[in-house]
Amino acid sequence: MQRLLFPPLKALLGSPCLRLLVPRAAPRTQCGCSCGIRRSLRPGQYSTISEVTLQSGRGTVSLPSKAAERVVGRWLLVCSGTVAGAVILGGVTSLNHDMTLAEFKFIWYMEYSHRMWGRLVGLAYILPAAYFWRKGWLSRGMKGRVLALCGLVCFQGLLGWYMVKSGLEEKPDSHDIPRVSQYRLAAHLGSALVLYCASLWTSLSLLLPQHKLPETRQLLWLRRCAHGTAGLVFLTALSGAFVAGLDAGLVYNSFPKMGESWIPEDLFTFSPILKNVFENPTMVQFDHRILGITSVTAVTVLYFLSRRIPLPRRTKMAAATLLALAYTQVGLGISTLLMYVPTPLAATHQSGSLALLSVALWLMNELRRVPK
């Protein structure tokens, strides 16, 4: 009975389960005498994929290895892809201007798919996160990030539920069709974009090796320009929620002028003036145009700045891709406007904003500072 309950120590140490917890023995080196001397291990040098260190009196503390980091990075990359799919489906459902019966059926199926896909996104985050946490593949800092991402997923689900529960908004002083409030639509899209950006940034940081770039003044300016450009792209994409929520794309279907003038007369028809920024379709379209033009200008400046600095090939590819996508996105936006917002073209334009934001994050990640 004693041998069953307390097996020999030698047998325990030889078991594969416990060998995972024991650091790899360093090779013996010959010192010129008859004895062999063990070389000391460097901090963090272990023999298994899931590296483990033993602390006296405290049990074990798991630390993620490079292999585990790659698994977590790929998981977050897949999660960001699922969020992108939800954003694209949600963008299609927001294009709900005057429709035929066939178009209404299409939008209804897209809305149903969007709800089911949202639940899939929640499972894609929460279930693997619990598994990786249990396996000890998440460091202390990564645990905080994963908790924040799962919290954002839950918050996003609550916003979606609130939008459905609140229903369509019918303004008493307007003859327009009832629609979802542009404020709730922008909040829902904004939180989805934050979740997407955070997931994509974390996955890229885990999967892409950092470049050791010389910290010059030119690189500092390039890094700041990349951050500002990504912020502009994010803001432009967010303003698209107000354009879709107010059907502002159907107000002035001309470019570069709005009708017969550069600045339309009904830009400040609402009172107070600040109300025009969020509720006046003319002002909303005007703001979206200005943000789009400013964004593509910033991307162009960023590209030419990157040409003046010796950068790795992958970083140059990110800058060139960002430039190409920016001008493609401008072309899609102008075409959508001139053709009176056809649903397929408008959905492509919305998806293009997400692609542009993704490449802007990629370039930011390429230029990030290497921690000392």
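A residue counts as buried when its relative accessible area is under 20%. With a relative accessible area of 2%, Glu-366 is therefore buried, and this acidic residue is a good place to start a tour of the structure. Please keep in mind that this is a predicted model. Glu-366 forms a salt bridge with Arg-314, one of 6 salt bridges found in a search of the whole structure. Below you will also find the largest nonpolar core, a nonpolar surface patch and a buried serine in helix H10.

**Glu-366 and helix H12**

- The closest N and O atoms of Glu-366 and Arg-314 are 2.6 Å apart.
- Glu-366 belongs to helix H12 and Arg-314 to helix H11, so their salt bridge ties together parts that are 52 residues apart in sequence.
- The two partners differ in cover: Glu-366 is buried at 2% relative accessible area, whereas Arg-314 is partly exposed at 24%.
- Helix H12 is largely enclosed by the rest of the structure, because 18 of its 24 residues are buried.
- From its first C-alpha to its last, H12 reaches 35 Å, which is close to the 34 Å expected at 1.5 Å a residue.

**Other salt bridges**

- Glu-215 and Arg-369 bring their side chains together in a salt bridge, with an N to O distance of 3.8 Å.
- Glu-215 sits in the loop between H7 and H8, and Arg-369 in the segment after H12, so this pair ties together parts that are 154 residues apart in sequence.
- Glu-215 counts as partly exposed, with 46% relative accessibility.
- Through salt bridges that share partners, Glu-215, Arg-223 and Arg-369 are joined into one network.
- Within helix H4, Lys-66 and Glu-69 lie 3 residues apart, about one turn of the helix.
- The side chains of Lys-66 and Glu-69 meet in a salt bridge at 4.0 Å, N to O.
- Lys-66 is exposed at 60% relative accessibility, while Glu-69 is partly exposed with a relative accessible area of 24%.

**The largest nonpolar core**

- This core has 71 residues, and those with the most contacts inside it are Trp-75, Tyr-125, Leu-322 and Leu-367.
- The elements giving two or more residues to the core include helix H4 (66–93), helix H5 (101–135), helix H11 (313–338) and helix H12 (343–366).
- Helix H8 gives the most to this core, with 12 residues.
- Beyond residues up to four places away in sequence, Tyr-125 touches Trp-75, Cys-79, Ser-80, Val-83, Leu-149, Cys-150, Val-153, Leu-195 and Ser-199.
- Trp-75 thus appears twice here: it is among the residues with the most contacts inside the core, and Tyr-125 touches it.

**A nonpolar patch on the surface**

- Met-99, Leu-101, Phe-104, Trp-108, Tyr-109, Tyr-112 and Met-116 make a nonpolar surface patch of about 770 Å².
- Phe-104, one of the patch residues, lies in helix H5.
- The relative accessible area of Phe-104 is 45%, which makes this residue partly exposed.

**A buried serine in helix H10**

- Ser-306 has its place in helix H10, where it is buried with a relative accessible area of 7%.
- Leaving aside neighbours within four places in sequence, Ser-306 is in contact with Leu-222, Leu-311 and Ala-319.

Note on methods
Residues are numbered from 1 along each chain as its sequence is written. This is a predicted model: local features need pLDDT of at least 70, side-chain atom pairs count only at pLDDT 80 or more; totals for chains, interfaces and linings use all residues. Side-chain values use heavy atoms; hydrogens and water are left out. A nonpolar core is a set of buried Ala, Val, Leu, Ile, Met, Phe, Trp, Tyr and Cys residues joined through side-chain atoms within 4.5 Å. Buried means under 20% relative accessible area, exposed over 50%, partly exposed in between (1.4 Å probe, protein chains only). Helices (H or I, at least four residues) and strands (E, at least two) are DSSP runs, numbered from the N terminus. Contact means heavy atoms within 4.5 Å. The expected span of a helix is 1.5 Å times one less than its number of residues. Patches are made of residues with over 30% relative accessible area and no salt bridge: like charges are joined within 9 Å, nonpolar side chains (Val, Leu, Ile, Met, Phe, Trp, Tyr) within 5 Å. Accessible areas come from the Shrake-Rupley method with a 1.4 Å probe; for residues, only the protein chains shown count as cover.
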